[in-house]
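Here are some friendly notes to read alongside the structure. Please keep the viewer open and look up each residue as you go.

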Amino acid sequence: MPDARVAASVRQLVERDPRPVVLIDGGAGSGKTTLAQQLVATWPGPSGVQLVSLDDLYPGWDGLALASASVPELIVGNGYHSWDWAGDRPGPWRELDPARALIVEGCGAITAGSAALAGLRVWLELDAGERQRRAIARDGADFAAHWNDWAAQESVHWHADHPRDLADLVVVPGD
């Protein structure tokens with residue numbers, strides 16, 4: 001079950017917006033994917049919701065900024081080119097219905113450009129040590145090898161784009 005404040009905000013958004021868009025941002029391991037999946041499972045709208053994880057758009061371990069910059073176009077467009085992590089190259093085109101509700105989750109989801117196009121912006125706040133523990137438990141040695149570089153990219157995003165300040169809700173997972 002999603003955080004009660006987030007669930008209530010989503011219900012209000014669905015009631016007032018013909019094309020609800022929710023952005024979920026936060027550091028690696030903060031619970032973005034879990035929250036997004038909970039929202040998909042409990043979505044109150046009649047036609048369901050589309051979910052895009054920025055993990056599907058990051059062009060490799062150094063691609064946070066590029067994926068983040070693509071979010072506004074993703075919101076207004078009809079699809080995106082995914083990233084083939086195994087092949088380390090662009091992947092297949094993924095269709096989106098520009099009339100259906102959309103959730104975009106991932107570090108880099110909230111910027112001034114994307115925030116202006118979304119009806120609800122959620123920031124997940126969790127301390128770095130716990131986030132690292134959770135992310136490594138989830139993704140193993142592959143992420144562990146890239147943790148410091150990824151954390152540096154997150155820091156650049158947070159200082160340049162101020163996603164926490166642009167959020168409508170700040171959620172501490174587990175509270």
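Is Arg164 buried, partly exposed or exposed? With a relative accessible area of 42%, Arg164 is partly exposed. Please keep in mind throughout that this is a predicted model.

1. Let us begin with the partner of Arg164. The side chains of Arg164 and Glu125 form a salt bridge, with 2.8 Å from N to O. This pair connects distant parts of the chain: Arg164 belongs to helix α7 (residues 163-166), Glu125 sits in the loop between β6 (120-124) and α5 (128-139), and their positions lie 39 residues apart in sequence. Glu125 is also partly exposed, at 29% relative accessibility. As general background, side chains of opposite charge can pair when their charged atoms come close.

2. Salt bridges are worth following further, as the structure has seven of them. Another one joins Asp56 to Arg94, and here the closest N and O atoms are 3.4 Å apart. Asp56 is in the loop between β2 (49-53) and α3 (64-76), while Arg94 is in strand β4 (residues 89-95), so this pair ties together parts that are 38 residues apart in sequence.

3. What else does Arg94 touch, leaving aside its neighbours within four places in sequence? Besides Asp56, Arg94 is in contact with Asn78, Gly79, Tyr80 and Ser82. Arg94 is partly exposed, with a relative accessible area of 34%. Its C-alpha atom lies 9.6 Å from that of Val52, a residue 42 places away in sequence.

4. A third salt bridge brings us to a pair of helices. Arg131 pairs with Glu154, and their closest N and O atoms are 3.6 Å apart. Arg131 is in helix α5 and Glu154 in helix α6 (residues 141-161), so the pair ties together parts that are 23 residues apart in sequence. Are these two residues buried or exposed? Both Arg131 and Glu154 are buried.

5. Now for the two helices themselves. Two packed helices are described by the angle between their axes and the distance between the axes. For α5 and α6 the angle is about 140°, and the axes are 10 Å apart. Angles over 145 degrees would count as roughly antiparallel, and α5 and α6 are therefore described as oblique to each other. The crossing of α5 past α6 is right-handed. On the α5 side, the contact is made by Ala128, Arg131, Gln132, Ala135, Ile136, Arg138 and Asp139. On the α6 side, the residues are Ala141, Asp142, Phe143, Ala144, Trp147, Glu154 and Trp158. Both members of the Arg131 and Glu154 salt bridge thus appear in this contact.

6. Helix α3 deserves a look of its own. Where is it kinked? There is a kink of about 35° at Ser70, shortly before the proline Pro72. The buried residues of α3 include Leu64, Ala67, Ser68, Val71, Leu74 and Ile75. What do the buried residues of α3 pack against? Their partners are the strands β1 (21-26), β2, β3 (79-84) and β5 (101-105), together with the helices α4 (112-115) and α6.

7. Pro72 is itself part of helix α3. Not counting residues up to four places away in sequence, Pro72 touches Gly113, Ser114 and Leu117. The C-alpha atoms of Pro72 and Ser114 are separated by 4.7 Å, although the two residues are 42 places apart along the chain.

8. Two residues to check for their backbone angles are Asp88 and His162. Asp88 is not a glycine, yet has a positive phi of about 50°. Asp88 lies in the loop between β3 and β4 and is exposed, with a relative accessible area of 56%. His162, also a residue other than glycine, has a positive phi near 50°. His162 is in the loop between α6 and α7 and is partly exposed, with a relative accessible area of 40%.

9. Please finish at Val122, in strand β6. Val122 is buried, with a relative accessible area of 0%. Leaving aside neighbours within four places in sequence, Val122 is in contact with Val6, Leu23, Ile24, Asp25, Leu35, Ile110, Ala167, Leu169 and Val171. The C-alpha atoms of Val122 and Arg89 are separated by 30 Å, with the two residues 33 places apart along the chain.

Terms used:
Residues numbered from 1 in each chain as written. Predicted model: local features only at pLDDT ≥ 70, side-chain atom pairs only at ≥ 80, totals over all residues. Heavy atoms only, no water. Salt bridge = Lys/Arg side-chain N within 4 Å of Asp/Glu carboxyl O. Helix = DSSP H or I, 4+ residues; strand = E, 2+ residues; numbered from the N terminus. Buried < 20%, exposed > 50% of the residue type's maximum accessible area, 1.4 Å probe, protein only. Bend = angle between axes of the 7 residues up to and from the residue. Contact = heavy atoms within 4.5 Å. Axes fitted to C-alpha atoms, helices over the stretch in contact; angles between N-to-C directions. Parallel < 35°, antiparallel > 145°, perpendicular 65-115°, else oblique. Left-handed = near helix turned anticlockwise from the far one by under 90°.
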